[in-house]
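Reader: Hello! I would like a close look at one part of this protein, the salt bridges, with enough of the surroundings to place them. Could you walk me through it in one go?

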Amino acid sequence: MKVVEILSTEEIRRAITRLASQVIEKADNLSNLVLLGIHTRGVPLAKMLGQQIETLEGVSVAVGALDITFYRDDLDQIKTRTPAKTDIPFDLTNKTVVLVDDVIYKGRTARAALNAVTEYGRPVSIWLVVLVDRGHRQLPIHPDFVGKTLPTSTEEQVKVYLQPLDGRDAVELTK
């Protein structure tokens, strides 16, 4: 097994800064913007993105956490896991919701997140931000903002490590 570092701590920081700038440019009104991190690693990424938006624009953006466990279409195929806590202390109606995730692969997590969001209101629009897009979509879902496009084979794995959860920031490809 060969492990290759794809993004270093500094490269992740730069990607977050670039993604924050892109979201700011597309947003009509930052006070109408909310970030929802998809458990697990989308949550700290959403917080990082929110902090960077505040640094760049001086506007605090609401950040929440979304657990999509019970919205998945493959619950029978994955290991049983304890659901994480969804934390959305605000109404999503008439907001621009930015879903944040670490990696997009087949598109099924994003689809489940879209279904989950409807439980919390009716947003004006929903955007998808991912740190890494590795291709191989099975659904017609495409992120609006991507930190790194990384063509992979289906045999490879992309692992994202983030300081709050893993003690370090890095993205690695396992071949």
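Author: Happy to; here is the overall fold, then the salt bridges, and then a few spots elsewhere in the chain.

Please keep in mind that this is a predicted model. The protein chain is built from four helices and eight strands. Going along the sequence, these elements come in the order β-α-β-α-β-β-α-β-β-β-α-β. A compact globule of 175 residues would have a radius of gyration near 16 Å, and the protein chain agrees because its own value is 16 Å. If you want a box for it, the C-alpha atoms of the protein chain fill roughly 45 × 40 × 30 Å along the principal axes.

A few chain-wide totals help before we zoom in. Of the 175 residues in the protein chain, 46% are buried. Take the contacts between residues at least 6 apart in sequence: 70% of these join residues at least 24 apart. The protein chain exposes about 9200 Å², and carbon and sulfur atoms supply 47% of that area. As for charge, the protein chain carries 22 positive and 23 negative side chains. The centres of these two sets lie 4 Å apart.

Now to the part you asked about. The structure holds six salt bridges, and I will go through some of them, starting in helix H1. Helix H1 spans residues 9-26, and both Glu 10 and Arg 13 belong to it. The side chains of Glu 10 and Arg 13 form a salt bridge, with 2.3 Å from N to O. Along the sequence, Glu 10 and Arg 13 are three residues apart, which is about one turn of the helix.

Glu 10 has another partner in Arg 14, where the salt bridge has an N to O distance of 3.7 Å. Arg 14 also lies in helix H1, four residues from Glu 10, and that spacing is again about one turn of the helix. How accessible are these side chains? Glu 10 counts as partly exposed because its relative accessibility is 34%. Arg 13 has a relative accessible area of 43%, so Arg 13 is partly exposed. Arg 14 comes out at 45% relative accessibility and therefore counts as partly exposed too.

Another salt bridge joins the side chains of Arg 168 and Glu 172, at 3.1 Å from N to O. With a relative accessible area of 34%, Arg 168 is partly exposed. Glu 172, however, has 14% relative accessibility, so Glu 172 counts as buried. Returning to the helix, Glu 10, Arg 13 and Arg 14 belong to one network, joined by salt bridges that share partners.

Strand E8 deserves a stop as well. Strand E8 covers residues 170-174, and Ala 170 is found there. Ala 170 has a relative accessible area of 1%, so Ala 170 is buried. What does Ala 170 contact, apart from its neighbours within four places in sequence? The list is Glu 5, Leu 7, Ile 12, Lys 159, Val 160 and Tyr 161. Ile 12 falls within the residue range 9-26 of helix H1, so to speak of both regions together, Ala 170 is in contact with a residue of that helix. For a distance across the chain, compare Ala 170 with Leu 35: these are 135 residues apart along the chain, and their C-alpha atoms are separated by 22 Å.Finally, here are some backbone details that you may want to check. The peptide bond from His 39 to Thr 40 is cis, with omega near 15°. Thr 40 sits in the loop between strand E2 (33-38) and helix H2 (42-57). Asn 94 is not a glycine, yet its phi is positive, about 65°. The loop that holds Asn 94 runs between strand E3 (62-66) and strand E4 (96-104). His 136 also has a positive phi, near 70°, and is a residue other than glycine. You will find His 136 in the loop between strand E5 (125-133) and strand E6 (145-149). His 136 is partly exposed because its relative accessible area is 33%.

Terms used
Residues are numbered from 1 along each chain as its sequence is written. This is a predicted model: local features need pLDDT of at least 70, side-chain atom pairs count only at pLDDT 80 or more; totals for chains, interfaces and linings use all residues. Side-chain values use heavy atoms; hydrogens and water are left out. Helices (H or I, at least four residues) and strands (E, at least two) are DSSP runs, numbered from the N terminus. The radius of gyration is taken over C-alpha atoms; the globule rule is 2.2 Å times the number of residues to the power 0.38. Buried means under 20% relative accessible area, exposed over 50%, partly exposed in between (1.4 Å probe, protein chains only). Contact means heavy atoms within 4.5 Å. Accessible areas come from the Shrake-Rupley method with a 1.4 Å probe; for residues, only the protein chains shown count as cover. Lys and Arg count as positive and Asp and Glu as negative; His and the chain ends are not counted. The place of a charge is taken as NZ of Lys, CZ of Arg, CG of Asp or CD of Glu. A salt bridge is a side-chain nitrogen of Lys or Arg within 4 Å of a carboxyl oxygen of Asp or Glu.
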